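Good morning, colleagues. I should like to take you through one structure today, beginning with its charged side chains and ending with the chain as a whole.

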Amino acid sequence: MLTRTHRYLASVMAKVRDPDGFARLHQLAESGPASSRKDAQIAATRIATLLACKGGQIRDITVGDCVELVDAQRRVHARGGQKKVDFYLRLRALGIFPEDSPATIRAFGLALGQLSIEELVDRYRIQCRPVRDLIVDYLRERQPALDFASLDAVSRTLAGLFWARVEALAPGIDSLRLPPTVARAWKEDLKVKKRTVTGPDGSSIEVSSPRLNAKDELMRVRAFYLDIGQ
């Protein structure tokens with residue numbers, strides 16, 4: 001149920017934090033059936049909550065942020081059903097997530113239990129098996145000190161933003177000792193977040209924007225190298 005506080009939070013975020021983002025969200029809701037308008041309002045409050053907690057704009061929300069929110073909702077509220085995760089579907093429809101993001105947040109096991117470390121890593125289809133296994137072993141080593149949302153975030157960085165992108169930039173690479181040219185290319189690639197959105201004419205358009213947390217992602221990769229070096 002939406003309380004006056006929830007509606008106020010969504011209204012404030014829409015006015016002062018990200019007017020354009022919430023306008024797109026509203027347009028998406030208007031294009032759907034009238035029966036889903038209430039669900040759209042609930043989704044807007046979930047998204048406003050993420051902005052209040054994480055900062056930034058709607059376009060900066062990550063899949064990991066959504067997983068963390070739904071996991072918190074699951075612990076606090078026993079009910080909610082589809083309304084708990086509808087906000088993820090709407091964000092995905094806006095095109096702010098990578099193309100390989102799951103079609104539904106339930107793919108992360110929030111309905112049937114959390115994914116294993118192997119499943120977290122294998123979402124990114126790493127080709128080099130030794131590097132894949134090393135990332136799995138590293139995450140298993142760190143698992144006791146991390147909650148699931150943090151573990152998911154680290155796996156997304158190492159398996160997705162780091163190694164999967166390295167393999168895309170240098171097909172066939174099989175060593176963490178990156179050639180300088182590959183390392184530089186990956187660091188440049190990390191600075192930009194690319195997503196595919198649907199244009200007014202229905203065509204798909206690739207849009208690029210600065211990755212605001214690029215330094216944080218880079219620090220996770222550096223920590224990975226330091227840890228395995230020890």
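Which side chain meets that of Asp133 in a salt bridge? In this predicted model, the partner is Arg129, with an N to O distance of 3.3 Å. Asp133 and Arg129 both belong to helix H7, and because they are 4 residues apart there, about one helical turn separates them. Asp133 itself is partly exposed, its relative accessible area being 27%. This pair does not stand alone: salt bridges with shared partners join Asp122, Arg129, Arg132 and Asp133 into one network.

Let me turn to another pair in that network. The side chains of Arg132 and Asp122 form a salt bridge at 3.0 Å, N to O. Here the link is between distant parts of the chain, for Arg132 is in helix H7 and Asp122 is in helix H6, 10 residues apart. The two ends also differ in cover. Arg132 has a relative accessible area of 8%, so it counts as buried, whereas Asp122, at 38%, counts as partly exposed.

A further salt bridge joins the side chains of Arg140 and Glu118, at 2.3 Å from N to O. Arg140 lies in helix H7, which spans residues 129–142, and Glu118 lies in helix H6, residues 117–122; the two are 22 residues apart and link distant parts of the chain. Arg140 is partly exposed at 38% relative accessible area, and Glu118 is partly exposed at 27%. The general principle is familiar: side chains of opposite charge can pair when their charged atoms come close. In total, 13 salt bridges are counted.

Next, a lysine. Lys193 is part of strand S1, residues 192–198. Is Lys193 buried or exposed? Its relative accessibility is 12%, and the cut-off for buried is under 20%, so Lys193 counts as buried. A polar atom of its side chain lies 2.6 Å from the backbone oxygen of Arg59. Leaving aside residues up to four places away in sequence, Lys193 touches Arg59, Asp60, Val207, Ser208, Ser209, Pro210 and Arg211.

I now come to the nonpolar interior. In soluble globular proteins, nonpolar side chains tend to be buried together. How many residues does the largest nonpolar core have here? The number is 59, and the residues with the most contacts inside this core are Ile61, Cys66, Phe87, Leu91, Ile135, Phe162 and Trp163. Helix H8, residues 148–169, supplies the largest share of the core, with 10 residues. Ile61 may serve as an example: beyond four places in sequence, its contacts include Cys66 and Leu91, together with Ile47, Leu50, Leu51, Ile96 and Phe97.

A word on cysteines. The count of disulfides is 0. Two cysteines illustrate contrasting surroundings: Cys53 is exposed, with a relative accessible area of 63%, while Cys128 is buried, at 8%.

Finally, the chain as a whole. It has 10 helices and 2 strands, and the order along the sequence is α-α-α-α-α-α-α-α-α-β-β-α. Of its 230 residues, 43% count as buried. The accessible surface comes to about 13100 Å², and carbon and sulfur atoms account for 53% of that area. As for contacts between residues at least 6 apart in sequence, 57% join residues at least 24 apart.

Thank you for your attention.

Notes: Residues numbered from 1 in each chain as written. Predicted model: local features only at pLDDT ≥ 70, side-chain atom pairs only at ≥ 80, totals over all residues. Heavy atoms only, no water. Buried < 20%, exposed > 50% of the residue type's maximum accessible area, 1.4 Å probe, protein only. Polar contact = N/O pair within 3.5 Å; in protein donor to acceptor, adjacent residues only side chain to side chain. Contact = heavy atoms within 4.5 Å. Salt bridge = Lys/Arg side-chain N within 4 Å of Asp/Glu carboxyl O. Core = buried A, V, L, I, M, F, W, Y, C linked by side-chain atoms within 4.5 Å. Disulfide = S-S within 2.5 Å. Areas by Shrake-Rupley, 256 points an atom, 1.4 Å probe, with all protein chains shown as cover.
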